[in-house]
Every structure is written in C-alpha cells, then in structure tokens.
Amino acid sequence: MNWPAFWLSLQVTTIATICITVIGLALALLLTRVRLPGQLVIETILLLPLVLPPSVIGYYLLLALGRGSPLVEWFNVRILFTWPAAVVAATVVGLPLMIQSSRAALANVDPVLENAARTLGSSEWRIFWQITLPLARRGILAGMILGSARALGEFGATLMVTGNIPGRTQTLPVAIYDAVQAQRYADAHLMVLVMTGLAFAGLLWVRWIEPPPQRYRPEGRSEEGASDG
Amino acid sequence: MGPHLQVDIEKRLGPLTLQMQFSVAAEILVLFGPSGAGKTQTLQAIAGLMRPDRGRIALDDTLFFRREAGLRPVHLPARKRRVGYVFQQYALFPHLTALANVAFPLAGQRDARDRALALLERMRLGHLAQRMPHELSGGQQQRVAIARALAAEPRVLLFDEAFAALDRRIRERLHADLRALQAEQQLIVIYVTHNLDDAFAVGHRLAVVRDGRVEQIGQLDDVFTCPANRRVLEILGIPNAIAARVVEVTRGQTVLDWDGRLLTAPPLDLPPGAEVTAYIRPEDIRLVYPDRPLNRMLGQNLIEGQVIERRPGRHLHHLRVALSDGHLVEIAHPASSYTTLPLPPGTPVRLVLRKESIVVIAPRAATRQQEAPIYASESPDGAPEWGG
C-alpha cells in the first residue's frame, strides 16, 4: 500500500470537494434563477467534462495553468506539476455532477413556498438559507458525494498536469497505474480494493439519501378527525 | 375612517389584459369569476409577487406600487407590505413543524414561540403544534397557514381559492373563523373564489371579474338583484336572459316585445323603441294546472311551451321549457310544489310570468357585443346548471 499516495488523494479530494460544492452550488443557483443569454450553450459547456476524454481535459488544463496563461502571467500562480494542480483537475471533472444534481434539487423547490416566505416578511437571503437550501438538501448532498467520488477517481488529467512525482504529486489512481506498470501486483491489489470500497460506499450513500418514494402531498392526510377542533 | 386599500392596475398577461380597479375597506371583498379571469394575478400584484405594467396600489398613505407618467416609480418588496397571503395549496414549509411554521415570520423575536402557540390555539390547533405538515389534514394545514399569515401582523389578508380543495363541512367552519377574525382585527380581506356558495358564505361585497376586469362591484345582494349587464348574468349563472324592445310605457307597467311576444314588465324610465336586456327570474315563474280556472292569472303574462327536461334538486326542482318560437325558459320551483302534476318531457305546459318576474337590467346598447344566447353557457359552480 502506497500510503503517501493515499493521504495525498484524501487531501486533494477534500479540497476539491469544497471547491466543487461552492462553485457548483453557485452555478446551479445561477442557472435556476437567472435567465442567461445562451443558457443552453453555457449548460452544455459545464457538462462537457463528463464526456470529454481525460487527455483533452488535461490538455486544456495544461494550457490554463502553464506558461503564457493569464493565471501565470498576470497573477503569478504557478501550480503546474504540484499537488494543487491535481485539485484543479479533480474539481473540473467533479463539477458537472454537482451542478446537475443540485440544479435539479433547487428547481424542484416549489416557488409558492418561497413566495409564501416573501409575504411573511423574509429577505431573499433568509429564504435561501432557511427554505430553499433545506428543501434541496438531498439533491445537493447527492451532488457533493458523486462529485467527490469522481474527484477521488480522477486519473488521466491528473497524470498530465501533476507529472506523477511519487510522494509529492502522485495520487492513488496514478499510483495504481504505476504499480501495474512496475508489476507490483500486490501493491495494486490493495489500492484497487481501497478505491472500490470508497466508490461503493459513496454510491451507497447517495442511494440512501435519495428521496423516499412517498413524496410530500399538499393534500395531507385524508381528513380531519372528529376529535379536533 | 378605517383602512383602505386602493387598486388600479394594468398588466398584459398573454392573451389577457388585466385592468383591475377597485378599493377595499376593512371588510371581506369576494373576487368572483371564472378561472383565467385574472383574480390570482390581482392578488399577486397586491402582495408584491407580481409587478403590474402600470397603475397604482396603495394602502392608506403607503404606496405599494406606482408606475404612472411623470411620477417616481415605486415597487415596495413583498416582505415590506405586510400583506398576508393564504394559498390554495397551503404552502406550509414541509420541513418545519406547525409551530415552527407559525413562528417563521416571528424569527428573532423573544416571545416568538409563545405567540406562535397562542395563534395556533386561536385556530384550535394548539394540540398539534409539534406535527409536521404532512401529518395534518387539509383543513388543519390551512388553519396553520392562516395562523402563520396572522403572525406577520398583516393589514391585508388575501385568500386565493384557499378553501377550494376542502370538504364543505370544513370549509363552512373556516368561513366562520374568517368572518370572526376579520371582525375582530378589522382586517382588509380579499377572498378569491369561483364558487358562489363560498362567496355568499364569507363575503360582504362582491366583485364580479371577467377577462381581467371588474364587471360589477357592490353588496352581495345588490349584485344579485341588479346585475349590471348580460356578462354579469352569465358569470353569476342567472338563466333566462332575454333581449327585448320597449313597446309602450305607462304609469303602471311597461310592455316589452321579446322577439314578437309581448310581455308586461314593471314600469321603466325608457322611451318606446329602446332595446333592453332583461331576465326572467326562474323562481317567479308559475305553472298553470290545466284543470283550474285561469281568472286568477288575468293581467299576467301567459305563455305556452313544452317540457324539455326536469331535474330534481336539493331544495328547488328545475324545469326546462321550450316555447313555440324556440326560446328556452328555465323554471325553479320548491320541491314541495306541483307534486300532483306529472311533468315528463314532452308535456305541454302553460307558464305564468308575473310582471315582477321580469327584471330589466340594462339598456342593450351597452351590451351589444354579447349577443350569444346565455342558456348554453357554462355556469359557475354552485349555480343550477343544465346538462349542456
């Protein structure tokens, strides 16, 4: 078992999950609340990382993080071939899952409830935190879990932007690839088992929090009992 | 002088143009009309959930909305209007208990819990405070919603088909609650419904709405006894509208020409030749027993026809009679009358129309665009309705 790779993967995934959650929720909110020009195109672009080959994503990231990019030239942010580059790669591939899931959840919140809160004197800020977010929490949490599972499993783009430096930028999926290349199968076995276990647990969790089949019915229970009133 | 809400707005809504103009004092005003007439949109404009194209909404000196030429536009956000809104689908927050729902508008206040509980008790729901909305019946949920609206201390309370989904028994109780509340707190209440029984159960005044406009507004009884025009007749489900011409006016009566049939009606202040819209009150039409003398009926309008359909009702039985010229007349009589008179379809009958049964509602010039016969039109819920 390659422990440095395990801990690095954990670190990268944790930070990527935070980025995925914040950016993904903000984008989901934007997409549900604001009618943007070219909305369909924007949505499609945000979904692209789901279907693009990892090498293509890696290539774009090399352009974005490498020499000549605004990030390097203007802000002097040099993260290529360091572990933060793995965070960027993990965030990019995990983001679409978060956006999809939380967007559906936000759109599902009945606008009548938000209107009711408005007539009760609530600010938009309070409506978001106390009505919209709690009602969309299942979908948002599901998006977070799926996004972080995808981030944990990120391999191709990571390989291209981190340079696969053992102990410094090598994540678990890349370490597995390395172990197989070097024919260290015992090592690979264990790491594959760990990855499978984490992915399984994540998906199981998502299934667990999915809304139960019995949904909220505005009619409520059948009728008032004689005892009441 | 109590509070006063004034509404005068215009808004384009697809095929419909909303042009609502009315004012409400501390009373229950019923907005009545068919679906799609713009009633809900009017409430939304008052609550601040929808922005009209132009006009003005004001509660006493507080401008809710203003967009008028030459004046600074105003659109007070919904949260600052103190307008309570009770929705048909209750709109309770499903993740909060009944108590937390009612306490929602009181957030940050020290006695929020106690006040919320007091309001729930006022709505006879104190014992269900800890229930979640889905554990409550429809009537209970709506009472929680009313308590929650009251917690925000509204000056205006809007009911948008609020009790439409509830059983009659529960609706009656909520209507009683609402009337008591309104009187107690001197609230301005606007109650939207398409059910006439509900309108009578709660309303002080009635505004008949159609195609985005108020056709008539007034005390409930007045609107019913003096409908302003043929459209109001239609919306209120009053049958037997007729188009006639004044033939002769004397001190005691008016003679009307209804497509060649002469009818005597109460005296009118109109010159001969004037075109009028009128209706024959279905409850005021009598049947003549074929074996009894006619002398009591002298001086009344006597017409002959044939029974088309007979429909029993809870209190009144309904009879549809075709006249020789093809006009249809609806008759409503108490269930206890004419029990010895067999009236299967096809039976020839003689009708007596006392002159008071003919109510002239308007000179026809004002209603010319509406010439379609009323008999076939759909009538709103609660009004007697014939098959088609």
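**Chain A contacts and the two-domain layout of chain B**

In chain A, take the contacts between residues at least 6 apart in sequence: 73% of them join residues at least 24 apart. The model is a predicted one, and the values here are computed from it.

As for secondary structure, chain A comes out with eleven helices and zero strands. Reading along the sequence simply gives α-α-α-α-α-α-α-α-α-α-α. Along the principal axes, the C-alpha atoms of chain A take up a box of roughly 75 × 45 × 25 Å. Chain A has 229 residues, and 41% of them count as buried. What chain A leaves exposed adds up to about 12600 Å², with 67% of that area supplied by carbon and sulfur atoms. On the charge side, there are 16 positive and 13 negative side chains in chain A, and the centres of these two sets sit 6 Å apart.

Turning to chain B, the chain splits into domain 1, covering 5-225, and domain 2, covering 230-367. Contact between them involves 14 residues from domain 1 of chain B and nine residues from domain 2 of chain B. Measured out between C-alpha centres, the two domains of chain B lie 40 Å apart. Putting domain 1 and domain 2 of chain B together buries about 910 Å², and carbon and sulfur atoms give 62% of this area. On the domain 1 side of chain B, the residues that lose the most area to domain 2 are B:Arg210, B:Glu215 and B:Phe224. Together, these three residues make up 46% of what the domain 1 side buries.

Notes:
Residues numbered from 1 in each chain as written. Chains lettered and ligands numbered in written order. Predicted model: local features only at pLDDT ≥ 70, side-chain atom pairs only at ≥ 80, totals over all residues. Heavy atoms only, no water. Helix = DSSP H or I, 4+ residues; strand = E, 2+ residues; numbered from the N terminus. Buried < 20%, exposed > 50% of the residue type's maximum accessible area, 1.4 Å probe, protein only. Contact = heavy atoms within 4.5 Å. Areas by Shrake-Rupley, 256 points an atom, 1.4 Å probe, with all protein chains shown as cover. Lys, Arg positive; Asp, Glu negative; His and termini not counted. Charge placed at Lys NZ, Arg CZ, Asp CG, Glu CD. Domains from an automatic or database assignment. Buried area = accessible area lost by both parts, 1.4 Å probe.
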